[in-house]
Amino acid sequence: MSLYDFDFFVIGAGSGGVRAARMAATFGARVAVAEDRYFGGTCVNVGCIPKKLFVYASKISEELAIAPGYGWTVPAGSHFDWPTLVRNKDTEISRLNGVYERLLKGAGCEVLNGRATLVDPHTVEVAGRRVTAGHILVATGGWPTVPAIPGREHIMTSNEIFHLPGLPKRMVIVGGGYIAVEFAGILQGLGCDATQLYRGDLFLRGFDLEIRQFLAGQMRHKGVTLRFNTDVARIDTHDGALRLSLQDGSHLDCDGVLYATGRHPNSANLGLEACGVALDKSGAVVVDSEYRTNVPSIYAVGDVTNRVNLTPVALAEGMALARRLFAGKSYQVDYDYIPTAVFSQPPIGTVGLSEEQAQQQYGSIEVFTSSFTPLRFTLSPVKEKAFMKLIVDTASQRVVGLHLCGEDAGEITQGFAVAMRAGATKQIFDMTIGIHPTAAEEFVTMREPVRST
């Protein structure tokens, strides 16, 4: 008879936790999952899914602008209704919540509704009930970070914006990461007067510099006001609106302010410190290559470890852990060449190294670029451009970086990521026949480098 109530106890029913729990159950483990908020985690409820739905909604205004050039008459008086979008989004999210819960129960997992806290390395308490487990997984994700400035009570985050009763007319988005960039495009497309503030020189730090510069130009072209090298000192109410006092001494009035200034690991009040689990200065759970903490029975995957904070990475980590613990299969997640998309407008797709990273790592590189107006915009007043870039290691001729800012960037990048993981060289790209007319064919028709180092 087992020493424990369960073989595997998972705290958090987000992407990583659900995948680990389901896989462990299919391998025969006795599994319990505790969730105190919503099934599916950040991605399903206040992240990837609702955000992408809002991106679709915001792009319809551009479709209406394009339509007359293709012979369509757009009815006068067309307007956007925010409550309808929110209501329909909520219906879809509720459906997905149910799907996640049914997947867990269908795999044989016991689901506990409530906040779980660690009592000791093998004991968890949920809603007054204590249970024991041989292995415990912490998969509690992250949480938006809001600075301690005067007037912070007026700030909304990505948690709240999906549930606003009405859409403010003038919105300020503070931050320079992908969430801030995405919401600037969403809000502008839905009819807001959107201003994005960032304390640095240029947003999306860590992405390829040319791509960042290109996106900034396109966002300004679409009407988003970008203000760099400034930050908010305080927020006050003023004439029925909000007044932002900026650190450069200027003021900015708006009807709503969204902070997307980063996320921190959701590790507080879980009993981790009491069990001796090591956390870094950001609160991230420190794990080794097998997702084990310094306490041998306790593991962590996903955003709570603050390493590669992407939903598919959490899924891969959860699967790898379940396989190793309950199927005896040693599997390491490879963190190289992870494709990433930013659903900005236009969107970004990237896989591999930026030009700056490739220069540092390889020294001698070749850079290929192409910029053009996609065919769809040629019969319209919208003159959005696309920019594509390949980075090649001169010595091996391997393509080590691929970057795109333009329509369908995520869809295009996903396919090329397979080739790059397989070690495709520039010659392989050149020998591949393109699909015409598409934007993606540009990646296989770039012949001469724009520069070499």
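Trainee: Where does Leu379 lie in this model?
Mentor: The model is a predicted one, and two of its strands frame the place you ask about, namely β20, which covers 365–372, and β21, which covers 386–393. Leu379 lies in the loop between β20 and β21.

Trainee: Is Leu379 buried, partly exposed or exposed?
Mentor: A residue counts as buried under 20% relative accessible area and as exposed over 50%, with partly exposed in between. Because the relative accessible area of Leu379 is 48%, this residue is partly exposed.

Trainee: Which residues make the nonpolar surface patch of about 380 Å²?
Mentor: The loop residue Leu379 is one of the residues that make this patch. Together, the residues that form the nonpolar patch are Tyr70, Trp72 and Leu379.

Trainee: Which are the edge strands of the open sheet of six strands?
Mentor: The order of the strands in this sheet is β18-β19-β22-β21-β20-β23, and their pairing is antiparallel. An edge strand here pairs on one side only, and that holds for β18 (340–342) and for β23 (451–452). The edge strands are therefore, by that one-sided pairing, β18 and β23.

Trainee: Which residue in β23 is the bridge partner of Val367?
Mentor: Strands β20 and β23 run antiparallel and are joined by two bridges. In β23, the partner of Val367 is Arg451.

Trainee: How many residues of strand β2 are buried?
Mentor: Strand β2 spans residues 31–35, with Val31, Val33 and Glu35 pointing one way while Ala32 and Ala34 point the other way, and all of them are buried. The strand is thus mostly covered, and its count of buried residues is five of five.

Trainee: Which residue stands opposite Ala34 in β2?
Mentor: Strand β1, made of residues 6–11, pairs with β2 in the parallel sense over four bridges. Opposite Ala34 stands Ile11.

Trainee: Which element gives the most residues to the largest nonpolar core?
Mentor: This core has 41 residues, of which Ile161, Phe203, Leu215 and Met219 touch the most other members. Elements that give two or more residues to this core include α3 (48–66), α4 (82–106), α5 (178–189) and α6 (209–221). The element that gives the most, with seven residues, is α5.

Trainee: Which residues does Met219 touch, not counting residues up to four places away in sequence?
Mentor: Met219 is among the members of the largest nonpolar core that touch the most other members. With those sequence neighbours left out, the residues Met219 touches are Val181, Ala184, Gln196, Phe203, Val224, Leu226 and Gln345.

Conventions
Residues numbered from 1 in each chain as written. Predicted model: local features only at pLDDT ≥ 70, side-chain atom pairs only at ≥ 80, totals over all residues. Heavy atoms only, no water. Patch = residues over 30% accessible without salt bridge, like charges linked within 9 Å, V, L, I, M, F, W, Y side chains within 5 Å. Areas by Shrake-Rupley, 256 points an atom, 1.4 Å probe, with all protein chains shown as cover. Salt bridge = Lys/Arg side-chain N within 4 Å of Asp/Glu carboxyl O. Buried < 20%, exposed > 50% of the residue type's maximum accessible area, 1.4 Å probe, protein only. Core = buried A, V, L, I, M, F, W, Y, C linked by side-chain atoms within 4.5 Å. Contact = heavy atoms within 4.5 Å.
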